[in-house]
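Student: Hey, got a minute to go through this one with me? I'd like to start with a single helix and work outwards.

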Amino acid sequence: MRTNRLLPLLAAGALVLGACGGGGESVDTGGGGGGGDDVLAAAVSAQPDQFDPHSTNAYASFQVLENVYDTLVVPNPEDLTMEPSLATEWATSEDDLTWTFTLREGVTFHDGSEFDSADVVYSYNRIIDEDLSNAYRFANVESVAADGPQTVVITLTQPTPNLLERIGAFKGMSIIPEGAADELDLTTEAIGTGPFRLESSDASSTVLTAYEDYWGGAPSIDGVEFRYITEPAAALTALQNGEVQWTDNIPPQQIESLQGDDTVELQTTPSVDSWYMSMNYARPPFDNRDVRRAISFAVDREAVAEAAWFGAAQPNQTAIPQDSFFHSDYAPFSPDPDQARQLLQQAGVQTPLTMGLMVTDEYPETVTAAQVVAGQLEQVGITVEIETLDFATWLDRQGKGDYDAFLLGWLGNLDPAAYYEEQHKTGGSNNYQGYSNPQVDQLLAAGAAETDPDARKAIYDQAAQLIVDDVSYLYLYNPDVVQAWAPGLSGYQIRADKAINFETVELP
Amino acid sequence: MVVLAGVSVIVFALVHLVPGDPVRLALGTRFSQETYDALRERSGLDQPLLAQFSGWLGRALSGDLGVSFRSGDTVTSLIAERLPATLTLAFASILVALLIAVPLGILSALRPRSVVDRIATVLSQIGISVPEFWMAIVLILVFSGTLGWLPSGGYVPLSEDPLGWLERLVMPAVVTGVVSGSVITRFVRSSVLEALGSDHVRTAQAKGLPGRQVFTWHALRNALLPLVTVTGVQLAYLLSGVVVVEIVFSWPGLGQLALQAVQARDYPVLQGAILLFAVVFLLINLVVDLLYTAIDPRIRR
């Protein structure tokens with residue numbers, strides 16, 4: 001009897017020993033994985049909230065959707081200018097109010113149905129009619145209509161030079177099959193035209209399988225498994241021991257040491273994200289231009305970027321990153337505590353002045369950045385009281401105007417209008433600080449309608465100068481996109497807009 | 001039932017009292033007022049609070065806990081999806097905890113103030129004070145990184161891949177087990193000590209019963225009662241999810257779900273999860289009470 005009882009225990013012991021005996025070998029990845037054998041495992045930091053491209057706002061969802069859906073046009077991976085995707089060409093009318101798109105032929109959805117103009121009209125009207133998240137992108141659109149199966153006509157209320165960016169910047173503007181919202185549960189199912197189909201998704205991972213009939217040619221791998229690994233150290237370990245072959249969840253403090261490490265292939269590129277500090281004009285003395293300029297002179301952006309991102313960020317006094325066509329190298333504020341003190345004196349401000357600085361642990365780098373900013377402002381007689389809040393409370397207080405200053409970023413913008421307009425025009429929907437400069441308003445209105453790219457850039461450069469001089473926002477830096485993958489993995493391209501596309505990836 | 005009704009009222013009130021707007025969170029930073037209003041209406045948040053509560057309670061009574069704002073999934077399916085992982089980790093952790101606590105606690109109680117006792121005290125102090133987060137990361141770096149013996153995290157169901165299930169369970173169960181075990185060790189030590197010093201044990205010894213029999217029958221049985229209580233409390237705590245360990249080991253348990261729900265102000269999920277935790281506590285209390293009667297004949301009368 002006794003020995004019999006011991007047997008299962010011994011067996012269990014052997015099992016544990018066996019499990020531990022691998023020694024250095026890469027661990028069996030187990031779990032999930034549909035279709036064939038060539039499945040790329042990618043470690044991402046969060047679970048997608050849902051898969052309806054027109055409703056979600058979560059980056060984790062778009063990481064998946066990027067590979068499942070298509071848009072009419074897409075940002076080119078190199079310079080993020082718009083290039084053909086589901087639309088092969090387009091033409092604008094003389095008055096710039098009518099855009100005619102010619103659609104690609106021979107495109108099929110994952111359920112085998114043909115893609116045509118009715119799907120585009122349906123998708124766009126769904127966003128407009130149901131007031132979904134991205135409805136604001138169609139603010140200038142009067143109508144979307146089909147003109148035969150291969151042609152879509154968009155009629156505008158005013159010239160919109162950035163229409164392509166509005167309909168193609170990201171997969172929030174995806175084309176779904178006509179009637180899909182009624183026939184499917186789009187929050188959990190997806191029928192797109194992209195290189196992969198959504199196979200399954202649970203609390204551990206999301207699995208995609210290759211779509212053989214993809215219009216761009218079948219992908220080179222059989223599928224992708226997105227695994228949610230929130231802790232960066234765990235994600236990096238998973239990459240190094242071969243459990244996953246790709247991740248964008250790298251501990252920032254290890255970026256530098258990994259660059260010389262041949263166990264992983266690490267790449268960085270400046271992102272389109274722009275981080276800034278904003279001061280509340282309704283709370284004196286921050287309505288005083290001199291006070292804001294003093295603070296701008298007191299902040300050493302280089303040091304903030306170094307501390308918050310361990311150097312993986314490019315200091316920038318305007319919003320648009322250096323690789324963009326619309327970048328302006330205007331940088332009037334070199335760190336100058338003396339001038340800062342002088343400006344404060346000139347403004348008649350009693351020091352020490354106390355300033356609340358609201359940050360959110362949703363973006364932990366802002367907490368570090370705030371600490372550095374606090375140290376720098378201390379030197380010119382400003383005592384910064386940092387308040388770290390959860391994002392929901394943070395947004396609540398921002399909406400109510402209950403703050404002196406805050407730190408946050410704008411993510412994923414491509415067009416200058418997206419960077420500057422609603423943030424700085426008088427009464428703009430994101431102008432929480434309360435900035436108002438008629439000259440800026442005029443320039444922003446002109447830029448929104450100017451169709452010549454060079455003239456348009458000149459207008460936005462001018463607007464950016466005024467915005468920076470008035471310190472409507474105190475722009476800080478553009479962080480780098482940091483991604484790493486297994487050595488030998490090929491065909492992947494890191495992108496400034498942080499879209500991740502595994503269509504042409506080949507496993508080592 | 002009365003407790004549950006009370007809990008549901010408190011939960012609903014608390015959840016809605018916390019500042020933060022789920023609609024703004026869902027829409028991010030850029031949206032139009034029309035979009036905001038439309039989403040608010042779709043999620044039913046434009047209704048008066050009392051109407052929201054009565055609607056929720058009515059549906060909850062029939063087993064429908066509502067739909068997540070965030071994902072559009074039903075709350076019951078979200079909880080059901082994560083329940084196996086949570087149950088697995090909780091019971092494995094309690095097993096590890098008892099394997100540590102019972103021998104260690106008894107040993108130190110048998111030889112109070114001895115070297116063994118002191119070592120046990122120091123170990124349990126370390127187990128309680130070392131942050132789970134740190135212990136978890138160190139385990140990952142050593143056993144998945146340097147040694148490459150175990151996967152760094154994740155979860156596979158037992159039915160799909162028993163070996164993979166076990167490999168992934170070891171580290172999280174050890175981390176939470178060590179913490180719970182350290183707490184339980186102290187209870188075992190003090191209750192065994194107390195039992196050993198009680199009159200009936202002295203009487204039994206005086207009767208000349210063999211030491212072994214006195215210990216197992218007279219001392220240990222009495223020391224079991226507090227052990228059952230504290231194990232029950234620890235188990236209830238583990239069943240409501242161990243957030244930090246779940247996150248570090250990518251363990252898809254209820255703690256992660258509840259945390260996500262708090263962050264997104266996903267009221268239906270949050271309410272459902274807290275209600276479930278309340279039920280778990282009640283059930284475990286019931287089981288503990290039943291065990292009492294099994295162990296202690298006096299209670300049966």
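Tutor: Sure, and keep in mind that this is a predicted model. Let's take helix 7 of chain B, whose buried residues are B:Met135, B:Ala136, B:Leu139, B:Ile140, B:Phe143 and B:Ser144.

Student: Where do those sit around the axis of helix 7 of chain B?

Tutor: They are on the same side of the helix, because the arc they cover is only 135°. The general background is that an α-helix has 3.6 residues a turn, so positions three or four apart point the same way.

Student: How far does helix 7 of chain B reach, first C-alpha to last?

Tutor: It reaches 20 Å over 15 residues, 132–146, which is close to the 21 Å expected at 1.5 Å a residue. Just past the end of helix 7 of chain B, B:Gly148 has a positive phi of about 65°.

Student: And what covers the buried residues of that helix?

Tutor: The cover comes from both chains. It includes helix 6 (232–240) of chain A, plus helix 8 (162–196) and helix 11 (243–248) of chain B.

Student: OK, so chain A is involved. How many residues of chain B are in contact with chain A?

Tutor: There are 47 of them, in contact with 45 residues of chain A. Helices 2 (22–27), 3 (33–42), 5 (75–110), 7, 8 and 11 of chain B each supply at least two residues of that side.

Student: Which helix gives the largest share?

Tutor: Helix 7 of chain B again, with five residues.

Student: What's the chemistry of that side of chain B, by residue class?

Tutor: The side that touches chain A splits into 19 nonpolar, 16 polar and twelve charged residues.

Student: Let's zoom out. What's the secondary structure of chain B as a whole?

Tutor: Chain B has 14 helices and zero strands. Its C-alpha trace spans about 85 × 55 × 35 Å along the principal axes. Of its 301 residues, 41% count as buried. For contacts in chain B between residues at least 6 apart in sequence, 70% join residues at least 24 apart.

Student: Is there any annotation for chain B, and which residues does it cover?

Tutor: An unreviewed UniProt entry puts "domain: ABC transmembrane type-1" on residues 83–292 of chain B. That stretch is 82% helix and 0% strand, and its end C-alpha atoms are 27 Å apart.

Student: Random pick: B:Leu163. Buried or exposed?

Tutor: In between, actually. B:Leu163 lies in helix 8 of chain B, and it counts as partly exposed because 14 other C-beta atoms are within 10 Å, whereas buried would take 20 or more. B:Leu163 and B:Ile128 are 35 residues apart in sequence, and their C-alpha atoms are 30 Å apart in space.

Student: Switching to chain A: how many residues of strand 1 are buried?

Tutor: Six of six, in residues 39–44 of chain A. A:Val39, A:Ala41 and A:Ala43 point one way from the strand, A:Leu40, A:Ala42 and A:Val44 point the other way, and all are buried. As a rule, side chains in a regular strand alternate between the two faces of the sheet.

Student: Which strands does strand 1 of chain A bridge to?

Tutor: One is strand 10 (residues 223–228) of chain A, which runs parallel to strand 1 and is joined by six bridges. There, A:Leu40 stands opposite A:Val224. Another is strand 11 (residues 246–247) of chain A, also parallel, with two bridges. In that pairing, A:Ala43 stands opposite A:Thr247.

Technical notes. Residues numbered from 1 in each chain as written. Chains lettered and ligands numbered in written order. Predicted model: local features only at pLDDT ≥ 70, side-chain atom pairs only at ≥ 80, totals over all residues. Helix = DSSP H or I, 4+ residues; strand = E, 2+ residues; numbered from the N terminus. Buried ≥ 20, exposed ≤ 12 C-beta atoms within 10 Å, placed from the backbone. Contact = placed C-beta atoms within 7 Å. Expected span 1.5 Å × (residues − 1). Arc of directions from axis to C-beta. UniProt positions renumbered as here; feature names shortened; annotations may be inferred. Pairing = 2+ DSSP bridges. Nonpolar A, V, L, I, M, F, W, Y, C, P; charged D, E, K, R; others polar.
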